[in-house]
Structure formats: structure tokens, C-alpha cells
Amino acid sequence: MGAPLRQSGPPGGVTPVAVPDDVVLIRSVALVVWCGAVTVFPAGFEFTLLMLFDTNRTGPPAHFALHPPERGQMSWLEARYADGRHRAADLNANTPIDQPQGPHLMFQDGMAVWTEGWFRTRWWVTPLPPPGPVELTIHLNGEQPRTGTGYLDGAALADAAATAKVIWTERSAD
């Protein structure tokens, strides 16, 4: 039996469930990094990562690293499940498949308005986590002092996923 296939984004034909699980990863005088707008599907969950920065006090955080060697100067995001499985995002490969059981952390889209001081991205994580804390850590500009962590509730995500409405299922390859 082969490794389970990971899903590159939320499945079609499913209406997700929103969970009230917003967290602040970093808060300083000139910078806030927020994770929220969490929606859950039977196969995983999606969230928004919003960076707000005071353009009068600081420049924008570095863009996300495309490759692991760029993490010394660029920003990156990590997800860790309560059972120890974890993944740091690699945007070029959308996290390699060397850990087929996940978690898989995939960049969905992003938008920035540097002059107004914000950068918004959307992320997909699959599979659903086990019960316990789901740790999300942001590393900005490759600098350890600009690292922040927040926690989502894995059991709440799984409970919400059980109430997502499957309208139709996607056809599998025969």
C-alpha cells in the first residue's frame, strides 16, 4: 500500500466550518502577526496569516523563503502537532513528501500593500491534527528575536471537521 496522498488545497464539494481560534503570534510596538479566519474541512484546515507593521517605525518583514537555505534571511512558517509531527513550509516545493503522514503546510495565496503596512497570506494544512495543541511558529527575516508562536486546539479542529458538509465527492483516479 502506497503513502497517503496529500491534498494541495481544500477539497471541492465541501462547505467548511469556521472555528473561533484566532491567535497572535507576535505583538510589538511596530509589528503584529495574527493567525485566524480558520476554516476546517474533513481533510485539513485553512487559515489566514496577517502581518501588520507600522511603516513609520519599521520596514516590512522579508518575503517567505522559497527554499530552506534562504531561511537565514527570509521569513518562514512552521506547524507542529501534539504527537510530534512537524513541518516548516518550503514554498518552492510546498513541503517535500519525505514525511508522507504530514503535516503538510502549503501556501495558498498572498497579497501585500507595503505602503499601507500589511501582508496577508492563506495557508492549507493537511491532514487534520490529533487532539492537543497545534503549534504555529513564524520566523521573520531569519532572526530569532522576531519569532512568535501561537496555538490552535487540535480537538476543536477535528470536532468542527466532523460537521463540515460534503455536498459531493471528488472522483478518484481508477
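This passage describes the fold, the strand pairing and selected side-chain contacts of a predicted model.

The protein chain contains one helix and twelve strands. In sequence order, the elements follow the pattern β-β-β-β-β-β-β-β-β-β-β-α-β, so that the helix falls between the last two strands of the pattern. Of the 174 residues in the protein chain, 43% are buried. Among contacts with a separation of 6 or more, 58% are made by residues 24 or more positions apart. The accessible surface of the protein chain amounts to about 8900 Å², and carbon and sulfur atoms account for 56% of this area.

Strands β3 and β4 form a hairpin, with three residues joining β3 to β4. Strand β3 covers residues 23–27 and strand β4 covers residues 31–41. Their pairing is antiparallel and rests on four bridges. Within this pair, Val-24 has Trp-34 of β4 as its bridge partner.

Another part of the model is an open sheet of four strands in the order β7-β6-β10-β11. The pairing in this sheet is antiparallel. Strands β7 (86–88) and β11 (147–153) occupy the edges and have a single partner strand each, so one side of each lacks a neighbour in the sheet. On average, and with direction ignored, neighbouring strands of the sheet are turned by 15° against each other. In general, the strands of a sheet pair through backbone hydrogen bonds, in either a parallel or an antiparallel arrangement.

Strand β10 (residues 133–139) is joined to strand β6 (residues 76–80) by five bridges. Two residue pairs illustrate this antiparallel arrangement. Ala-79 lies opposite Leu-136 of β10, and Glu-78 has Thr-137 of β10 as its bridge partner. Strand β10 also pairs with β11, through seven bridges and again in the antiparallel sense. In that pairing, Ile-138 stands opposite Gly-148 of β11. Strand β10 is mostly covered, with five of its seven residues buried. Helix α1, formed by residues 154–161, lies across β10 and β11. The helix runs at about 45° to β11.

The loop between β5 (44–53) and β6 includes Arg-71. Arg-71 has a relative accessibility of 17% and therefore counts as buried, the cut-off for this class being under 20%. The Arg-71 side chain reaches the backbone oxygen of Ala-89 at a distance of 2.9 Å. Leu-66 is also placed in the loop between β5 and β6. At 41% relative accessibility, Leu-66 is classed as partly exposed. Leu-66 and Ala-89 are 23 residues apart along the chain, and a distance of 8.6 Å separates their C-alpha atoms.

Four salt bridges are present in the structure. One of them joins Glu-46 and Arg-122, whose closest N and O atoms are 3.4 Å apart. This pair connects distant parts of the chain, since Glu-46 belongs to strand β5 and Arg-122 to strand β9 (residues 118–126), with their positions 76 residues apart. Glu-46 has a relative accessible area of 12% and is buried. Arg-122 is likewise buried, at 13% relative accessibility.

A further salt bridge is formed by the side chains of Asp-54 and Arg-57, with an N to O distance of 3.3 Å. Asp-54 is partly exposed, with a relative accessible area of 24%, whereas Arg-57 is exposed, with a value of 55%. Arg-85 and Asp-83 also form a salt bridge, in which the closest N and O atoms lie 2.9 Å apart. Arg-85 counts as buried at 18% relative accessibility, while Asp-83 counts as partly exposed at 43%.

Methods: Residues are numbered from 1 along each chain as its sequence is written. This is a predicted model: local features need pLDDT of at least 70, side-chain atom pairs count only at pLDDT 80 or more; totals for chains, interfaces and linings use all residues. Side-chain values use heavy atoms; hydrogens and water are left out. Two strands pair if DSSP finds at least two bridges between them. Axes are lines fitted to C-alpha atoms, for helices over the stretch in contact, and angles run from 0 to 180 degrees between N-to-C directions. Contact means heavy atoms within 4.5 Å. Buried means under 20% relative accessible area, exposed over 50%, partly exposed in between (1.4 Å probe, protein chains only). A polar contact is a pair of N or O atoms within 3.5 Å; within protein, one must be able to donate a hydrogen and the other to accept it, and residues adjacent in sequence count only if both atoms are side-chain atoms. Accessible areas come from the Shrake-Rupley method with a 1.4 Å probe; for residues, only the protein chains shown count as cover.
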